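Welcome, and please have your viewer ready with selection by residue number switched on. We will go from one stop to the next, and at each I will suggest what to select.

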Amino acid sequence: MRAVPRNPALGLAPGVGVRVPRRLLPALAALAATAAIGAGVLALTGSGVGERALPTGPVLLDGKPLQSANCAAWWRAPEGERTQAIQALTRSIGGPTPYGPGTTLPDGRVHRLFDTVCTPTFASHFLLYEIYVRAAGFKSLGG
């Protein structure tokens, strides 16, 4: 068995550790990944409780729904689709959360972000919503 590092955020008393059998670690990792992907899909499809659906239906980028739109789709899509995709991602990511509205970025900044991150050929499979969420997480909250 391998010990999981102690974490006060888990509500464990100091000195109390959690031991997870080594054979369960891959299953736990897969479960965590599935939960994270499911949360992202729910956020992008507007299926959360109390959220309003997008007024124009699903937004597609190069024929792909935003959940699976990647850098390759970004480069193939016409400018109008890119703008719609950025606006839809901003609405979805900035939607209500239990802690207030989500952090978003200005449209022009998102456009430059995607242009920059998607430039290398190895980035062709990177998901646009993942790029956006990570960049928005670093947005300064200062004045």
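Here is a tour of this model, stop by stop.

**The whole chain**

Keep in mind throughout that this is a predicted model. Start with a cartoon view of the protein, which has 5 helices and 6 strands. Follow the cartoon from the N terminus and the elements run β-β-α-β-β-α-α-β-β-α-α. If you colour by accessibility, 24% of the 143 residues count as buried. As for the contacts with a separation of 6 or more, 48% of them come from residues 24 or more positions apart.

**The disulfide**

Next, select Cys 71 and Cys 118 and show them as sticks: they form a disulfide, with sulfur atoms 2.0 Å apart. Which parts of the chain does this pair link? Cys 71 belongs to helix α2 (residues 71-76), while Cys 118 sits in the loop between α4 (107-117) and α5 (128-136). The two cysteines are 47 residues apart, so the link joins distant parts of the chain. A search of the whole structure finds 1 disulfide.

Now check the torsion about the S-S bond: it is about -65 degrees, so this disulfide is left-handed. Is each partner buried or exposed? Cys 71 has a relative accessible area of 0% and is buried; Cys 118, at 3% relative accessibility, counts as buried too.

**Where α4 meets α5**

Select α4 and α5 together. Two packed helices are described by the angle between their axes and the distance between the axes. Here the axes come within 11 Å and cross at roughly 115 degrees, and the crossing is right-handed. To see the contact itself, add the side chains of Val 110, Leu 113, Phe 114 and Val 117 from α4, then Leu 128, Ile 131, Tyr 132 and Ala 135 from α5. Sorted by class, this contact has 8 nonpolar residues, with no polar and no charged ones.

**A histidine on α4**

Stay on helix α4 and pick His 111. Its relative accessible area is 18%, and since buried means under 20%, His 111 is buried. Show Trp 74, Glu 79, Arg 82 and Ile 86 as well: His 111 is in contact with these, leaving aside its neighbours within four places in sequence.

**The nonpolar core**

In soluble globular proteins, nonpolar side chains tend to be buried together. For this model, select Leu 61, Leu 89, Phe 114, Leu 128 and Tyr 132, which touch the most other members of the largest nonpolar core, a set of 25 residues. Helices α2, α3 (79-93), α4 and α5 each supply at least two residues of the core. Which of the elements gives the most? That is α5, with 6 residues.

Zoom in on Leu 61 and list what surrounds its atoms. Not counting residues up to four places away in sequence, Leu 61 touches Ala 69, Ala 73, Trp 74, Ala 77, Glu 81, Arg 82, Ala 85 and Leu 128.

**One last backbone stop**

Step along to Asp 62, in the loop between β3 (60-61) and β4 (64-65). Most residues other than glycine have a negative phi. Asp 62 has a positive value, near 55 degrees. At 29% relative accessibility, Asp 62 counts as partly exposed.

Key
Residues are numbered from 1 along each chain as its sequence is written. This is a predicted model: local features need pLDDT of at least 70, side-chain atom pairs count only at pLDDT 80 or more; totals for chains, interfaces and linings use all residues. Side-chain values use heavy atoms; hydrogens and water are left out. A disulfide is a pair of cysteine sulfur atoms within 2.5 Å. Helices (H or I, at least four residues) and strands (E, at least two) are DSSP runs, numbered from the N terminus. Buried means under 20% relative accessible area, exposed over 50%, partly exposed in between (1.4 Å probe, protein chains only). Axes are lines fitted to C-alpha atoms, for helices over the stretch in contact, and angles run from 0 to 180 degrees between N-to-C directions. A crossing is left-handed if the near helix is turned anticlockwise from the far one by less than a right angle, and right-handed if clockwise. Contact means heavy atoms within 4.5 Å. Ala, Val, Leu, Ile, Met, Phe, Trp, Tyr, Cys and Pro count as nonpolar, Asp, Glu, Lys and Arg as charged, and the others, Gly among them, as polar. A nonpolar core is a set of buried Ala, Val, Leu, Ile, Met, Phe, Trp, Tyr and Cys residues joined through side-chain atoms within 4.5 Å.
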